[in-house]
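Subject: Structure handover

Hello,

Here is the structure I promised you. Please open it alongside this email, and then read on for what turned up.

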Amino acid sequence: MVLYTFDEAYVQGLKAGDPAAQQHFVNYFSELLVIKLRARFLSHDLIEDVRQETFVRVLAILKKDRGIDHPERLGAFVNSVCNNVLLEQYRANARTESLEDGDDPPDKTIDLDRKLVSDEAKRMVEQILDGLAERDRRVLRAVFLEEQSKDQVCKDFGVDRDYLRVLLHRAKTQFRAKYAQAGLPSFFASK
């Protein structure tokens, strides 16, 4: 494709409705717009709609009294109009999208399976915690289950923040080991 340099005479030809100028305009920008729109994986129909709407708007603006100030920037102007048309299409489609035939609306009821799995996970965690040394069990419960502030946990255990990190590390290591021994799925063990 050969790039074209636009000038005032070209824009005046479009403004006056010159068939040769309009034909060149449509041919020149059709290819560029199709390449731009295909890169967005749009349907052929949507590409064609955006392309045609872009041409209609650009020609309407050029025919107004003021038109465009810089004819040499006609390519950038067409690109901007195309972007605006495309955004309007996205907004219109987002507002009017409906469920496809056969699609069920999302189920807003309680997910019983999730609750069962969650209850089962809680039971397993409690079982593993019961198998830990008392200090490890207490520190893990205080920090993770009861969500006490670390300052409060430090006060309860009579330690500073640095040593609390050591206690937590040891307790989590023991928890992971017990969890792995139980042969449970690894989603707790990696934390």
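E147 is exposed, because its relative accessibility is 65% and anything over 50% counts as exposed. This residue sits in the loop between helix 6 and helix 7. Its phi is positive, about 50°, although E147 is not a glycine. Please bear in mind that this is a predicted model.

F41 is a second case of this kind. It is not a glycine, yet its phi is positive, at about 55°. Look for F41 in the loop between helix 2 (19-38) and helix 3 (44-63). With 77% relative accessibility, F41 counts as exposed.

A glycine with positive phi also turns up. G183 follows helix 8, and its phi is near 70°.

**Overall layout**

The chain has eight helices and zero strands. Read from the N terminus, the order of elements is α-α-α-α-α-α-α-α. The chain has 191 residues, and 28% of them count as buried.

**Helices 6 and 7**

Back to the two helices on either side of E147. Helix 6 covers residues 134-145, and helix 7 covers residues 150-157. Their axes come within 10 Å and cross at roughly 155°. Angles over 145 degrees count as roughly antiparallel. Helix 6 and helix 7 are therefore roughly antiparallel to each other. Their crossing is right-handed.

A142 is a residue of helix 6. It is buried, with a relative accessible area of 5%. The cut-off for buried is under 20%. A142 and Q152 are 10 residues apart along the chain, and their C-alpha atoms are separated by 9.1 Å.

**Helix 8**

Helix 8 takes in residues 161-181, which makes 21 residues. How far apart should its ends be, at 1.5 Å a residue? The expected span is 30 Å. The end C-alpha atoms are 30 Å apart, so the model agrees with that expectation.

Which residues of helix 8 are buried? They are L164, L167, L168, A171, F175 and Y179. Viewed down the axis of helix 8, these buried residues fall within an arc of 105°, so they line one face of the helix. The other side of helix 8 carries exposed residues: D162, R165, H169, A180 and Q181.

One pair links this helix to an earlier part of the chain. I128 belongs to helix 5 (residues 112-130). I128 is buried, with a relative accessible area of 8%. Its C-alpha atom is separated by 9.7 Å from that of A177, although the two residues are 49 residues apart along the chain.

**Helix 1**

Helix 1 runs over residues 8-16. Its buried residues are Y10, V11, G13 and L14. Seen down the axis of helix 1, they fall within an arc of 155°, so they line one face of the helix. A9 and A16 are exposed, on the face turned away from the buried side.

Q12 is also in helix 1. Is this residue buried, exposed or partly exposed? At 37% relative accessibility, Q12 counts as partly exposed. That value falls in the middle class because buried means under 20% and exposed means over 50%. Q12 also pairs up across the sequence. Its C-alpha atom is 9.2 Å from that of P71, while the two residues are 59 residues apart in sequence.

**Cysteines**

How many disulfides does the structure hold? The number is zero. A disulfide is a covalent bond between the sulfur atoms of two cysteines. C82 is buried, at 0% relative accessibility. C154 is buried too, with a relative accessible area of 7%.

**Where to look on screen**

Start with the loop between helix 6 and helix 7, and find E147 there. Then turn to the crossing of those two helices, which is right-handed. Next, view helix 8 down its axis, with its buried residues on one face. Finish with helix 1, where A9 and A16 are exposed.

Best wishes

How values were computed
Residues are numbered from 1 along each chain as its sequence is written. This is a predicted model: local features need pLDDT of at least 70, side-chain atom pairs count only at pLDDT 80 or more; totals for chains, interfaces and linings use all residues. Side-chain values use heavy atoms; hydrogens and water are left out. Helices (H or I, at least four residues) and strands (E, at least two) are DSSP runs, numbered from the N terminus. The expected span of a helix is 1.5 Å times one less than its number of residues. Buried means under 20% relative accessible area, exposed over 50%, partly exposed in between (1.4 Å probe, protein chains only). The arc is that of the directions from the helix axis to the C-beta atoms. A disulfide is a pair of cysteine sulfur atoms within 2.5 Å. Axes are lines fitted to C-alpha atoms, for helices over the stretch in contact, and angles run from 0 to 180 degrees between N-to-C directions. Angles under 35 degrees count as roughly parallel, over 145 as roughly antiparallel, 65 to 115 as roughly perpendicular and the rest as oblique. A crossing is left-handed if the near helix is turned anticlockwise from the far one by less than a right angle, and right-handed if clockwise.
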